[in-house]
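I opened this one to see what sits inside the fold and what surrounds the ligand. Here are my notes, in the order I looked things up.

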Amino acid sequence: MGRFHAHPDGTVHEHDHEREGSPSSHDVGDHRGYEATGTARVEILERILSENDRIAASNRQDFAQAGVVSVNLMSSPGAGKTTLLKRTLAQIGETRRVGILEGDIATSIDADQLAGFGAAAVSLVNTSAGFGGECHLDAIMVRSGLGRLPLGELDLLIIENVGNLVCPAEFDVGQHAKAMVYAVTEGEEKPLKYPVMFRAVDAVVVNKIDLLPYLDFDLDLFLANLKAVNPTATVIQVSARNGAGIDDWCGWLLDQSPTGP
Ligand SMILES: Nc1nc2c(ncn2[C@@H]2O[C@H](COP(=O)(O)OP(=O)(O)OP(=O)(O)O)[C@@H](O)[C@H]2O)c(=O)[nH]1
Ligand SMILES: [Mg+2]
């Protein structure tokens, strides 16, 4: 069935988007609210992003000089980043010096948990000073958090980004690799609805697979949707709850290089 599509001149008509191609490759709906401010918004965003990229390059240089691999870990709220990091620390925390840079809008709840779980060092960045709380970490925030980390004493730095499926993907923080955690409770269609995040990452950790027997989640359909937007991402299926797949995830982490990406 087609969808009704409104244009700036006020005309509304129907397109059969399914027949025209993949639903994800077409704009649908009414975008007129953006017409008046579009150019100004693009210019401001370009300025913010170029300043961000400059600081991200400095962060990346500092990581390289210290020989630290840095991984930017992103997801929706509650997909399981912190739980996965606890498993990660339990698995490799004795043989590798792992630092965590924890980004949260507010509280030290996750940072406190990970500090007690064998991280060599934890640095907390709260983003609540921003307008209503920033929904992502940017390179400048990460740089401020790096000041509290002994980079020279670390092998690996994992940056737990703010839980959000949109904004974190848009900001380079100087990482060597980007990974996302995706919980099987989030549905099969999200790669199509939030393509920027799924396209941005090198690895997708499909978490909470212990829950599969109790859900109607179609794993094959999710994987096909993911492949449609990011055919090259490494996919790792895990349960941070029971430890399934954690070897594969740690193997991927340890394969990352400080000279990447
Ligand atoms: N059943 C099941 N529950 C899980 C798994 N991983 C995490 N959880 C649960 O999911 C909830 C959220 O996990 P967190 O690790 O806090 O998620 P998060 O991504 O760090 O959340 P934010 O930092 O708030 O974005 C907790 O209740 C965890 O116990 C898993 O593999 N299986
Ligand atoms: Mg967390």
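I started at Val 205 and listed its contacts (C-beta atoms, placed from the backbone, within 7 Å). Setting aside neighbours within four places in sequence, I found Leu 84, Ala 179, Met 180, Val 181, Tyr 182, Ile 236, Val 238 and Trp 249 in contact with Val 205.

I noted that this is a predicted model, where local features need pLDDT of at least 70, side-chain atom pairs count only at pLDDT 80 or more, and totals for chains, interfaces and linings use all residues. Residues are numbered from 1 along each chain as its sequence is written, while chains are lettered from A and ligands numbered from 1 in the order in which they are written.

Next I checked the largest nonpolar core (buried Ala, Val, Leu, Ile, Met, Phe, Trp, Tyr and Cys residues joined through C-beta atoms within 7 Å). Buried means that 20 or more other C-beta atoms lie within 10 Å of a residue's own. This core has 60 residues, and Val 205 is among those with the most contacts inside it, along with Ile 158, Ile 159, Met 180 and Val 204. Strand E7 (residues 177-183) gives the most to this core, six residues; strands are DSSP runs of E, at least two residues, and helices runs of H or I, at least four, numbered from the N terminus.

Then I turned to ligand 1. I counted 17 residues around ligand 1, with Gly 80, Thr 82, Thr 83, Gly 163 and Arg 241 coming nearest; the cut-off is a C-beta atom, placed from the backbone, within 6 Å. Helix H3 (residues 81-92) gives the most to this shell, three residues.

Key: Buried ≥ 20, exposed ≤ 12 C-beta atoms within 10 Å, placed from the backbone. Contact = placed C-beta atoms within 7 Å.
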